[in-house]
Amino acid sequence: MSTAAVDRLTLRSPDDWHVHLRDGVTLALVADLTARQFARAIVMPNLAPPVTTIAAARAYRERILGSIPAERTFTPLMTAYLTDRIDPEEIARGHAEGVFTASKLYPAGATTNAAAGVTDIRHIDGVLERMQAIGMPLLVHGEVVDDDIDVFDREAVFIERVLAPMLARFPELKVILEHITTREAVDFVRETGPGVAATITAHHLAFNRNAMFVGGIRPHYYCLPVAKREQHRQALRAAAISGNPKFFLGTDSAPHTVADKESACGCAGIFSAPVALESYATTFEEEHALDRLEGFASEYGPRFYGLPLNEGTVTLIRSPQVVPELVATGDLRIRPLYAGETLAWTFLQRS
Ligand code: DOR
Ligand code: ZN
């Protein structure tokens with residue numbers, strides 16, 4: 001990375017190790033916003049119905065590629081949605097055929113389209129054993145869903161009750177604890193063996209839980225896992241800029257329509273794709289760590305996955321941009337992170 005001129009930032013092309021691209025008209029609207037900034041992305045499988053088969057993943061990959069301009073070089077990395085009854089053969093064959101890069105564990109009911117997820121981790125021990133044997137990563141939405149657990153404690157309790165025992169049963173399993181939000185998660189990942197890593201979103205670095213309640217209820221700051229108190233955000237920021245390769249970029253950009261967000265039962269998700277790199281750059285600059293951004297965004301992820309680093313570069317310039325209020329087409333309206341606000345950095349190009 002070169003920071004010779006502080007008004008221009010050039011990095012090896014980054015990847016987004018966790019993104020929701022949706023399907024249909026939403027896919028058509030959002031896919032290129034990820035593809036313009038990132039060379040590859042781990043695409044979440046929580047469609048309705050979820051992506052549980054090789055055929056479904058191949059077809060979805062084609063639809064994603066069909067939503068991106070032909071001149072763009074972008075590789076969607078597909079994931080398999082684990083269910084109680086998932087067939088280990090299908091997962092292993094999909095991995096061997098280069099269709100499934102990883103499998104995703106959603107605890108049943110934890111979030112958007114997670115109803116078909118796993119009701120008890122023991123139900124998938126067979127597939128986890130198989131994944132451990134073939135070196136296929138497990139991506140984890142790390143929250144328990146028990147009614148008696150406070151919503152702000154769900155990640156920490158998951159680590160203690162589900163993740164740690166699972167790793168004791170499968171010590172060689174490659175695991176990525178996704179979109180971490182707590183000091184407990186940072187500590188756990190740091191202290192656990194080299195097969196365990198974590199992604200960190202731009203939004204969990206940028207604000208704490210107070211953002212949901214400034215002058216009233218702010219549904220556009222609601223996501224899962226929900227943002228925690230400031231001490232946790234500070235732990236995430238320290239991890240992101242630490243240079244520890246166990247922590248890398250995953251936006252969890254999760255578009256929902258304005259109507260679905262501004263509702264009596266608003267959906268969880270923050271649409272950060274339009275300004276993802278600008279947001280991370282802002283955090284790293286605030287932490288006087290712009291020289292650490294390239295490792296976090298472009299090196300540690302591929303190394304953990306055993307994939308080559310990208311060859312190209314991205315450039316951001318220090319030029320103020322006013323983020324649009326909406327990303328829209330026809331009746332579809334989605335509000336991006338930082339809507340209406342001014343950011344110091346502007347994404348220029350990926351080449
Ligand atoms: O905020 C979130 N939105 N968290 C998730 O885990 C899922 C995602 C979505 O798909 O909307
Ligand atoms: Zn997600």
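Begin by selecting strands β2 and β3 (residues 40-43), which pair in the parallel sense over three bridges. The model on display is a predicted one. Within this pairing, display Val19, which stands opposite Val43 in β3.

Next, select β2 alone, residues 15-19. The strand is mostly covered, five of its five residues being buried. Adding helix α1 (residues 24-37) to the selection together with β3 brings a right-handed β-α-β unit into view.

**From β3 to β4**

Keep β3 and add β4: the two strands run parallel and are joined by four bridges. To inspect one position of this pairing, pick Arg40, whose bridge partner in β4 is Thr75. The connection from β3 to β4 passes through α2, and this β-α-β crossover is right-handed.

How enclosed is β4 by the rest of the structure? Six of the seven residues of β4 are buried, so the strand is largely enclosed.

**From β4 to β5**

Extend the selection to β5, which runs parallel to β4 and is joined to it by four bridges. Here Ala80 may be shown together with Ser103 in β5, which it stands opposite. The chain passes from β4 through α3 to β5 in a β-α-β crossover that is again right-handed.

**Salt bridges**

Now turn to charged side chains; the structure holds 16 salt bridges. Select Asp32 and Arg72, whose side chains meet in a salt bridge with an N to O distance of 2.6 Å. What does this pair tie together? Asp32 belongs to helix α1, whereas Arg72 sits in the loop between α2 (54-66) and β4 (75-81), so the contact ties together parts that are 40 residues apart in sequence. Colouring by accessibility separates the two partners: Asp32 has 18% relative accessibility and counts as buried, while Arg72, with a relative accessible area of 30%, is partly exposed.

Move on to Glu97 and Arg58, whose side chains form a salt bridge at 2.7 Å, N to O. This pair links distant parts of the chain, 39 residues apart: Glu97 is in the loop between α3 (88-96) and β5 (100-105), and Arg58 is in helix α2. Are these partners buried or partly exposed? Glu97 counts as partly exposed at 37% relative accessibility, and Arg58 counts as partly exposed at 34%.

A third selection is Arg237 with Glu287, a salt bridge in which the closest N and O atoms are 2.7 Å apart. Arg237 lies in helix α8 (residues 230-241) and Glu287 in the loop between α10 and α11 (293-305), so this pair ties together parts that are 50 residues apart in sequence. Arg237 counts as buried at 5% relative accessibility, whereas Glu287 counts as partly exposed at 25%. Then select Arg58, Glu90, Arg93 and Glu97 together: salt bridges that share partners join these residues into one network.

**Helix α10**

Finish at helix α10, residues 276-286. Which residues of α10 are buried? They are Ala276, Leu277, Glu278, Ser279, Tyr280, Ala281, Thr283 and Phe284. With eight of its eleven residues buried, the helix is mostly covered. The last stop is His288, just after α10, where the backbone takes a positive phi of about 55 degrees.

Technical notes:
Residues are numbered from 1 along each chain as its sequence is written. Chains are lettered from A and ligands numbered from 1 in the order in which they are written. This is a predicted model: local features need pLDDT of at least 70, side-chain atom pairs count only at pLDDT 80 or more; totals for chains, interfaces and linings use all residues. Side-chain values use heavy atoms; hydrogens and water are left out. Buried means under 20% relative accessible area, exposed over 50%, partly exposed in between (1.4 Å probe, protein chains only). Two strands pair if DSSP finds at least two bridges between them. A crossover is right-handed if, with the strands pointing away from the viewer, the path from the first strand over the helix to the second runs clockwise. A salt bridge is a side-chain nitrogen of Lys or Arg within 4 Å of a carboxyl oxygen of Asp or Glu.
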